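Here's a quick tour of a protein model for anyone who likes to know what sits where before heading to the bench. Have the structure open as you read.

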Amino acid sequence: MRLGTRSLHNSVEYLQAILSRGIVMLPTSYISHATQRNCRPLSRTLPLNIQLRPSATGQSSSPAKLPDKQPPAPPPTSTYPEVGTPAADWQIVKELGAYLWPKNEPGIKARVVIALSLLLGGKILNVNVPILFKQVVDALQPMPVPEATMMTVAGTVLLGYGAARLGSSLFQEMRTAVFGRVAQRAIRYASKEIFYHLLRLDLSFHLNRQTGGLVRAIDRGTKGINQILSSMVFHVVPTALEISMVCGILAYSFGPAYAGVTLATMGAYAAFTFATTTWRVQFRKQMNAADNKAASVATDALLNFEAVKYFTNERFEMQRYDKSLAKYEGAAIKSVTSLALLNAGQSAIFSVALTATMWMASQGIVAGTMTVGDLVMVNGLLFQLSMPLNFLGTVYRETRQSLIDMDTMFRLRHVKSKLPSSETAPPLILTKGGEIQLKNVKFAYHPGRTILDAVNFTIPAGKSVAFVGPSGCGKSTILRLLFRFFDPEIGSITIDGQDLRDVTMESLRQSMGVVPQDTILFNQTIYYNILYGRPDATREEVEEAARKARIHDVIVNNFPDGYETKVGERGLMISGGEKQRVQLARTFLKNPPIMLFDEATSALDQGTETAIMSTIRDFLHEPHAATKDAGLGSRTAVFIAHRLRTIMDCDQIVVMKEGKVVECGTHEELLALPDGVYAGMWKAQQEGSTSTDHAEAQARVEEEEEVRGHLRGDPNAQDGEQDEPKKDHNGNNVLPDVPPSP
């Protein structure tokens, strides 16, 4: 870690980088000085409607006015019932049912049928246990004759009693084993679908969400699925079945009074449990909200620990975290207290019911209408209900909590992207090699603050175009629109005549290599991070990409575990130059025909930047299938830059200000404009970097000549020391080995 590392946790750019981890990224580069120039410079006062393609006379021509194309309206957000309502609960159960009875899964359906059969068989055996025990007691009353044996008196019934208990337990365990795969498959499929859906949502959704809260919501939701399935299959349905069977037996054997008491007890028990649990839902919601907040605070602090260290805000972050924990603690205490009230009420209801039925049975024995065995049977049936009923209270509470947790997760599944994409849309096909057109594009992140205002221009296929200008002029927004993180409010963007909204998102993004300001690496090995550019690549292809990025020798010779070396969280265990070259290798592996660069070398020293620029320049001029078919010798490239010397070799430079294009031309042409915006920016940067030392000034001139492709000089070492340039067998300069940072 270096002291100059910038903390970007509050920046939109950093969030964009986090969300684009699946995208291949590169640093900014130069295009060869020999590339043909096509566009004449535009006056500062020209309107925004420009076109970078030359006219037949070689002068820039004004394009014909294009009709505004309104983007398709985003799909309506599906209505979802309010959290905690019966309608919301029923909606969750219906969605969960699709995982219990999935299409084209006969094995899962068979397991469900077998589990239900085992459930029914187990309950039939279970309710027979008190009946058999009653027969044992009756057989032993009055006392048997002395010569009688246990087998002749009650042996068969006792064996049946033991077999019924054993069979009931065996069926229950078999049901658990059979249904286990069904539950785990449902959890897996639901988690996978929701995770994939989140990855496909647009950038605006993720910018308004906290990652820690999303992860925690999915985690609780998946646990809720397991709880719901276990409750329904192992507790709710079996208990309801057992209650109905017990009531039927009591009514048939002893009259409707016993069944009435049992039903009244069950009704009172359920009503009290449901009412109290519904009242306790508010505490669970408060606990979830506090839990999400605490997770988000912890995630932000741990991801951006450099900023915490820079400002010695460990205690401040601890206080923020503790504040969320305190809210969770308060809600948890209320939940525990109300739970005690619920348990006490449930015990009181059941104790009263049990006392009443025992009183009735005792009266029957005194009256001679019932036997002691009947009393034992009634007691056994009711006590047999007490265990699932007591557990049913807990199950209902956990079920209510799980429904709330699942509600949050399933609502994420119903979030609609603001960037609609038809499933029947055709893929993007580069028929011209990657010609990009913006037609009357207008865009704003917030109403009332226009970022791009009726922009019109064409980037010819195979050419390099740079956008420069002050911060907030809309440069980076153009790249986000090209990669379709957002859609224009008005107008359209096309590639080779195909509107970005009319092709599949996957094919569009596969055709582009995006280079953000900050390199994005996973906390995995060097090999994994390079392979991420094309996961189906072979090891030989990965190593070849690393050689192109001039980092293969560094990995093999300098890294302790070679390609298996871990790069650390966000790649902090390797230097900035090494991260950039790993990123380069990843992009070389992807091999896209269109390149987008957004201040990709802004954090590098001049020596490393020069070496990386040369590597990228060579890559851009390598043949690609799309450019070869179009008869082009290079790829289309778009650059965003503040350091003007990094883009002065581009075919065209577009100067933007307040969302409008004010100048356009080559580096030399823009410098020749009197009082030009670009000329003023160049002068300010040159004056800011001018040294009174003649030797340093001469070195800077030589380095700029290197950048322009005329020669290669000494790049600075990673730590600022000067190394002698290394040369290959042909005498060409190659990138020096840079040791990893500690």
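What follows walks through a sheet, a helix, some aromatic rings and a few surface spots. Keep in mind that this is a predicted model.

Let's start with the sheet. It's an open one with 6 strands, running in the order β6-β7-β8-β3-β9-β10, and the pairing is mixed. Which strands stand at the edges? Those are β6 (512–515) and β10 (660–665); each has a single partner strand, so one side of each is left without a neighbour in the sheet. On average, neighbouring strands here are turned by 15 degrees against each other, ignoring direction.

Zoom in on β3 (residues 464–468) and β8 (residues 636–640): these two pair in the parallel sense, over 4 bridges. Pick Val465 and you'll find Val638 as its bridge partner in β8.

Next up is helix α11 (residues 475–482). Is it buried or exposed? With 8 of its 8 residues buried, α11 is largely enclosed by the rest of the structure. Even Lys475 and Arg480 are among the buried ones, along with residues such as Ile478 and Leu481. After the helix comes Arg484, with a positive phi near 60 degrees.

Now for the rings. The model has 14 aromatic pairs. Tyr445 and Phe486 make one with planes at 80 degrees; planes over 60 degrees apart count as edge-to-face, so that's the label for this pair. Tyr445 is in the loop between β1 and β2 (452–459), while Phe486 is in the loop between α11 and β4 (490–495), 41 residues away. Phe457 and Phe467 form a tilted pair, with planes at 45 degrees. Phe457 lies in strand β2 and Phe467 in strand β3, so this pair ties together parts 10 residues apart in sequence. Phe443 also joins in, forming one aromatic cluster with Tyr445 and Phe486.

Here's how covered those paired rings' residues are:

| Residue | Relative accessible area | Status |
|---|---|---|
| Tyr445 | 30% | partly exposed |
| Phe486 | 13% | buried |
| Phe457 | 2% | buried |
| Phe467 | 0% | buried |

Finally, the surface. Glu423 sits in the loop between α10 (372–413) and β1 (436–443), and at 83% relative accessibility it counts as exposed. Its C-alpha is 9.5 Å from that of Val503, although the two are 80 residues apart in sequence. Elsewhere, Phe195, Tyr196 and Leu199 make a nonpolar surface patch of about 360 Å²; Tyr196 belongs to helix α4 (residues 150–200).

Methods:
Residues are numbered from 1 along each chain as its sequence is written. This is a predicted model: local features need pLDDT of at least 70, side-chain atom pairs count only at pLDDT 80 or more; totals for chains, interfaces and linings use all residues. Side-chain values use heavy atoms; hydrogens and water are left out. Two strands pair if DSSP finds at least two bridges between them. Axes are lines fitted to C-alpha atoms, for helices over the stretch in contact, and angles run from 0 to 180 degrees between N-to-C directions. Buried means under 20% relative accessible area, exposed over 50%, partly exposed in between (1.4 Å probe, protein chains only). Patches are made of residues with over 30% relative accessible area and no salt bridge: like charges are joined within 9 Å, nonpolar side chains (Val, Leu, Ile, Met, Phe, Trp, Tyr) within 5 Å. Accessible areas come from the Shrake-Rupley method with a 1.4 Å probe; for residues, only the protein chains shown count as cover. A salt bridge is a side-chain nitrogen of Lys or Arg within 4 Å of a carboxyl oxygen of Asp or Glu. Rings of Phe, Tyr and Trp (its six-membered ring) pair if their centres lie within 6.5 Å; planes under 30 degrees apart count as stacked, over 60 as edge-to-face and the rest as tilted.
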